[in-house]
Amino acid sequence: MNRHTEELFTKIRQGDSKVLEAIYVDNRLAFLNFGLKYNLNEEALLDIYQDAIIAFVENVTNGKIIALNSSVKTYLFSIGKYMIFKKLKKESKLETLDLDDKRLELSIKLIDNINDETDNEHNKLIEHCLDKLGYQCQTVLKLFYYNGLTLEEIQKHLDYSNYNTIKSQKSRCLKNLKELINDHLKNE
């Protein structure tokens, strides 16, 4: 854990309200703008954002998270995205497994970011099908969705000579994952 995050966590555990206020203010507008694409009103998004802040603080104070592999913003957004997804599902806006690419991408991200909630059937199905992909596809998708690397970073990490190759591979792997999930659903 970097020194800044360590200091931040210490201040949160000590109940430093200025640090909490700064985190809240610094990420609020970006979260609201992000959440608008899910057709939720600002009031609902603010409730979700506040719940995400509370969950973050609780996770820090009770020791559930002691280090972050991402920024505080990324962690907050992952909690918030899960809460948005849960709210939409509860409101029956997502009753069926709608596998458009954006929703599938969100689901892949949620599997890794919200470890305590991965026991639902939707996530189990995606994990199961992800495991059926070849090693290279698993690696590319996990680096992109779980680790949050950009395609350029993945290109360097996996030593690809061409950016378009990694871009095509990610697209092809996502398409293969979608097909595996759809095949699985048809056979149930």
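A residue is called buried when its relative accessible area is under 20%, exposed when that area is over 50%, and partly exposed in between, using a 1.4 Å probe and protein chains only. The structure above is a predicted model, in which local features need pLDDT of at least 70 and side-chain atom pairs count only at pLDDT 80 or more, while totals for chains, interfaces and linings use all residues. Residues are numbered from 1 along each chain as its sequence is written, and side-chain values use heavy atoms, with hydrogens and water left out.

We can begin with the whole protein, which has nine helices and zero strands, where helices (H or I, at least four residues) and strands (E, at least two) are DSSP runs numbered from the N terminus. Of the 188 residues in the protein, 40% are buried. The accessible surface, computed by the Shrake-Rupley method with a 1.4 Å probe and with only the protein chains shown counting as cover for residues, comes to about 11,300 Å², and carbon and sulfur atoms hold 46% of that surface. If a contact is taken to mean heavy atoms within 4.5 Å, then among the contacts in the protein with a separation of 6 or more, 61% are between residues 24 or more positions apart.

Helix α3, which runs through residues 42-61, is a good place to look in detail. Because the expected span of a helix is 1.5 Å times one less than its number of residues, the 20 residues of α3 should span 28 Å, and the end C-alpha atoms of α3 are indeed 28 Å apart. At the start of this helix, a side-chain oxygen of N41 comes to within 3.1 Å of the backbone nitrogen of E43, and just after α3, G63 takes a positive phi of about 80°. The buried residues of α3 include A44, L45, I48, Y49, A52, I53 and F56, and what covers the buried residues of this helix includes α1 (3-13), α2 (17-35) and α4 (72-90).

How do two of these helices meet? Two packed helices are described by the angle between their axes and the distance between the axes. The axes are lines fitted to C-alpha atoms, for helices over the stretch in contact, and the angles run from 0 to 180 degrees between N-to-C directions. Helices α1 and α3 pack at an angle of about 95°, with their axes 9 Å apart. That angle makes α1 roughly perpendicular to α3, since angles of 65 to 115 degrees count as roughly perpendicular, those under 35 as roughly parallel, those over 145 as roughly antiparallel, and the rest as oblique. The contact is made by F9, I12 and R13 of α1 together with F56, V57, V60 and T61 of α3.

Within α3, is F56 buried or exposed? F56 has 0% relative accessibility, and therefore counts as buried. Leaving aside neighbours within four places in sequence, F56 is in contact with F9, I12, I23, I65, V72, Y75, L76 and I79. F56 and V72 are 16 residues apart in sequence, and their C-alpha atoms are 8.9 Å apart in space. E58, which also has its place in helix α3, counts as partly exposed because its relative accessibility is 46%.

Helix α4 has 19 residues and reaches 27 Å from its first C-alpha to its last, close to the 27 Å expected. Its buried residues include V72, Y75, L76 and I79. Further along, in the loop between α8 (151-157) and α9 (163-186), lies D159, which has a positive phi of about 60° although it is not a glycine. D159 counts as exposed, because its relative accessibility is 69%.

Terms used:
A polar contact is a pair of N or O atoms within 3.5 Å; within protein, one must be able to donate a hydrogen and the other to accept it, and residues adjacent in sequence count only if both atoms are side-chain atoms.
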